Amino acid sequence: MRVLGVDPGLTRCGVGVVEGVPGRPCTLVAYHVVRTDPDDELPNRLLHLDRCLTDLVAEHRPDAVAVERVFSQHNVRTVMGTAQASGIAVLAGARAGLPVQTYTPSEVKAAVTGSGQADKQQMTAMVTRLLRLAEPPRPADAADALALAICHVWRGGTRSRLAAAAQRARRGGAR
């Protein structure tokens, strides 16, 4: 399974692509950081993000897209930009006909480090180790996006197979 993970952000949007199967180490395909200029008008920033994410989905041809679920932050302006970037990421996956799953930061941390309370440094160290990289992916947005993709391979892939099996069983054709 190839998964494109997105750590949404309006100024820096991390994108990571991995391949793998549940229960086994994943392999790095690529990672990117899409940047927009904070001085540009919001519609232009969102359009740039949309074009870049659409291009990355077309380039890497993932089987699924995993996006970090926006959570409440103290800074409303920051959470609004993150939510808008998240919507663009979900749209890019849906437009390509791909399944899109969102994960909370604590779900991703628990899947990758074993603790939902892990800090950024621990997350980056585990992503580096799990993907057998010589050096940590930089900036942290890229490492976070890779963690999302790993989380989906390990959790979402199993979740998708269980849902498909349940659907087959409801139709009377369990295989």
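**Exercise 1. Determine which residue of E2 stands opposite Gly5, and describe how the two strands concerned are arranged.**

Solution. In this predicted model, Gly5 stands opposite Gly16 in E2. The next step is to place both residues in their strands: E1 covers residues 2-7, and E2 covers residues 12-19. These strands run antiparallel and are joined by six bridges, and they form a hairpin with four residues between them. As for solvent, E2 is mostly covered, since six of its eight residues are buried. E2 also pairs with strand E3 (residues 27-35), again in the antiparallel sense, over eight bridges, and within that pairing Glu19 stands opposite Thr27.

**Exercise 2. Find the salt-bridge partner of Glu19 and state how far apart the two residues are in sequence.**

Solution. Glu19 forms a salt bridge with Arg2, with the closest N and O atoms 2.6 Å apart. The pair links distant parts of the chain, because Glu19 belongs to strand E2 and Arg2 to strand E1, 17 residues apart. With a relative accessible area of 32%, Glu19 is partly exposed, because this value falls between the limits of 20% and 50%.

**Exercise 3. Take the residues covered by the UniProt annotation "active site" and work out why they gather at one spot.**

Solution. The annotation, which comes from an unreviewed UniProt entry, covers Asp7, Glu68 and Asp141. Although these residues span 135 residues in sequence, no two of their C-alpha atoms are more than 11.1 Å apart, so they gather at one spot. Their elements can then be assigned in turn: Asp7 is found in strand E1, Glu68 in strand E4 (residues 64-68), and Asp141 in helix H5 (residues 140-170).

The contacts, leaving aside neighbours within four places in sequence, fill in the picture. Asp7 is in contact with a set of residues that includes Glu68, Asp141, Arg12 and Asp144. Asp141 touches Asp7, Arg12 and Gly14, and its side chain is joined to that of Arg12 by a polar contact of 2.7 Å. Among the contacts of Glu68 are Asp7, Tyr103 and Leu148; the same unreviewed UniProt entry type also places the feature "binding site" at Glu68.

**Exercise 4. Decide whether Asp7, Glu68 and Asp141 are buried or exposed.**

Solution. The step needs one cut-off, namely that buried means under 20% relative accessible area. Asp7 has a value of 6% and is therefore buried. Glu68, at 17%, counts as buried, and Asp141, with 11%, is buried as well.

**Exercise 5. State how many salt bridges a search of the whole structure finds, and describe those that involve Asp50 and Lys120.**

Solution. The search finds four salt bridges. Asp50 forms one of them with Arg95, the closest N and O atoms being 3.1 Å apart. This pair links distant parts of the chain, with Asp50 in helix H1 (residues 42-60) and Arg95 in helix H2 (residues 76-95), 45 residues apart. Its members also lie in separate accessibility classes: Asp50 counts as buried at 14%, whereas Arg95 counts as partly exposed at 46%.

Lys120 forms a salt bridge with Asp144, where the closest N and O atoms are 2.4 Å apart. Here Lys120 lies in helix H4 (residues 120-130) and Asp144 in helix H5, 24 residues apart, and this pair too links distant parts of the chain. Asp144 counts as buried at 9% relative accessibility, and Asp144 is also one of the residues in contact with Asp7.

Technical notes: Residues are numbered from 1 along each chain as its sequence is written. This is a predicted model: local features need pLDDT of at least 70, side-chain atom pairs count only at pLDDT 80 or more; totals for chains, interfaces and linings use all residues. Side-chain values use heavy atoms; hydrogens and water are left out. UniProt positions are given in the numbering used here, feature names are shortened, and annotations may be inferred rather than shown by experiment. Buried means under 20% relative accessible area, exposed over 50%, partly exposed in between (1.4 Å probe, protein chains only). Contact means heavy atoms within 4.5 Å. A polar contact is a pair of N or O atoms within 3.5 Å; within protein, one must be able to donate a hydrogen and the other to accept it, and residues adjacent in sequence count only if both atoms are side-chain atoms. Two strands pair if DSSP finds at least two bridges between them. A salt bridge is a side-chain nitrogen of Lys or Arg within 4 Å of a carboxyl oxygen of Asp or Glu.
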